[in-house]
Amino acid sequence: MNVEFYERIWMWAAIGLLVIFLGTIVLTAANDAVHPPSHIETVDPETLASNPEFGNPAVAEHPDGSVVVSVVSQLYSFIPDPIVVPANRPVTFRITSADVMHGFEVVGTNANATVIPGYVSQFTLTFKKPGEYIVGCNEYCGVQHHNMVGKLIVRKESR
Ligand code: CUA
């Protein structure tokens, strides 16, 4: 079969792009822990106030050393604020929304989740560097979206 020279170039270019794109997904998944959403858990956004976990969202340190942060996103803030967590320990974030879709991004880290009313977004990560981090909403949620900012404080572990 005779394939034109230029057509051959385009065919290989298309295959090359596919390899690059797939390679990028594999690389970021392996090196940067960039994963598609995998945690499916629902919660009733209408009754968040009386929910045992999200009625009073807070940072919980369990006796086994694990840290769980429950967060409610709402127009236009995150509760609790600031969020204070220890460094060098796995921290599990559990985030839901009280109204519309929001984002939860810890600037400078790969903590980044879409927050959808009715669902609990969950991910776990370990902060190595103590300090103050900005938590930003990265889904347009209304006129004050740009002011929806919170603070995360990573404190030095003292044990
Ligand atoms: Cu919440 Cu943008």
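**Val34, the strand pairings and the largest pocket**

Apart from residues up to four places away in sequence, Val34 touches Thr28 and Ala29. This contact, like everything described below, comes from a predicted model. Val34 sits in the loop between α1 and β1. Its relative accessibility is 44%, so it counts as partly exposed, a class that lies between the buried limit of under 20% and the exposed limit of over 50%. Lys129 is 95 residues away from Val34 along the chain, and the C-alpha atoms of the two are separated by 19 Å.

A second residue of the α1–β1 loop is worth a look. Glu53 lies in the loop between α1 (5–31) and β1 (59–61). With a relative accessible area of 24%, Glu53 is partly exposed, because the buried class requires a value under 20%. Which residues does Glu53 contact, once neighbours within four places in sequence are left aside? They are Ser70 and Arg94. Between Glu53 and Arg94 there are 9.6 Å from C-alpha to C-alpha, for a separation of 41 residues along the chain.

Arg94 leads on to the strand pairings. In β8, Gln122 stands opposite Arg94, and the pairing of β5 with β8 is antiparallel, with six bridges. β5 is also joined to β2, here in the parallel sense and by seven bridges. Within that parallel pair, Val68 has Thr92 of β5 as its bridge partner. How much of β5 is buried? Seven of its eight residues are, which leaves the strand mostly covered. In a regular strand, side chains point alternately to one face of the sheet and to the other.

A further set of pairings involves β6, β9 and β10. Two bridges link β6 and β9 in the antiparallel sense, and Glu105 is partnered there by Gly136 of β9. Gly136 appears again in the next pairing, where its bridge partner in β10 is Val149. β9 and β10 run antiparallel and are joined by six bridges.

The nonpolar interior comes next. The largest nonpolar core comprises 25 residues, and Phe93, Phe104 and Leu152 have the most contacts inside it. At least two residues of this core come from each of β2 (67–74), β4 (83–86), β5 (90–97), β6 (102–106), β7 (112–115), β8 (121–126), β9 (131–136) and β10 (149–155). Phe93 gives a good view of these surroundings: leaving aside neighbours within four places in sequence, its contacts are Val69, Phe104, Ser121, Gln122, Phe123, Leu125, Phe127 and Leu152. Another core, of five residues, lies apart from the largest one, and Leu48, Phe54, Val72 and Val120 are among its members.

Attention now turns to open space. Rolling a probe the size of a water molecule over the atoms reveals where space is left empty. The largest pocket has a volume of about 700 Å³. Its lining is made up of 22 residues, of which His35, Pro37, Asn112, Gln122 and Phe123 are the closest to the centre. Two elements, β7 and β8, each contribute two or more residues to this lining. Which element supplies the largest share? It is β8, with five residues. Sorted by class, the lining of the largest pocket holds 12 nonpolar, nine polar and one charged residues. Gln122 therefore recurs in three settings: it faces Arg94 across the β5–β8 pairing, it is in contact with Phe93, and it is one of the residues closest to the centre of the largest pocket.

Finally, some backbone details deserve mention. The peptide bond between Leu75 and Tyr76 is cis, with omega about -5 degrees, and Tyr76 belongs to the loop between β2 and β3 (77–79). A cis bond also leads from Ile79 to Pro80, where omega is near 0 degrees. Pro80 is placed in the loop between β3 and β4. In the loop between β4 and β5 is Asn88. Although Asn88 is not a glycine, its phi is positive, at about 60 degrees.

Key
Residues numbered from 1 in each chain as written. Predicted model: local features only at pLDDT ≥ 70, side-chain atom pairs only at ≥ 80, totals over all residues. Heavy atoms only, no water. Core = buried A, V, L, I, M, F, W, Y, C linked by side-chain atoms within 4.5 Å. Buried < 20%, exposed > 50% of the residue type's maximum accessible area, 1.4 Å probe, protein only. Helix = DSSP H or I, 4+ residues; strand = E, 2+ residues; numbered from the N terminus. Contact = heavy atoms within 4.5 Å. 1 Å grid on protein atoms, 1.4 Å probe; cavity = no way out; pocket = protein on both sides within 12 Å on 5 of 7 lines; lining within 4 Å. Points joined across faces, edges and corners; volume = space filled by probe spheres on them. Nonpolar A, V, L, I, M, F, W, Y, C, P; charged D, E, K, R; others polar.
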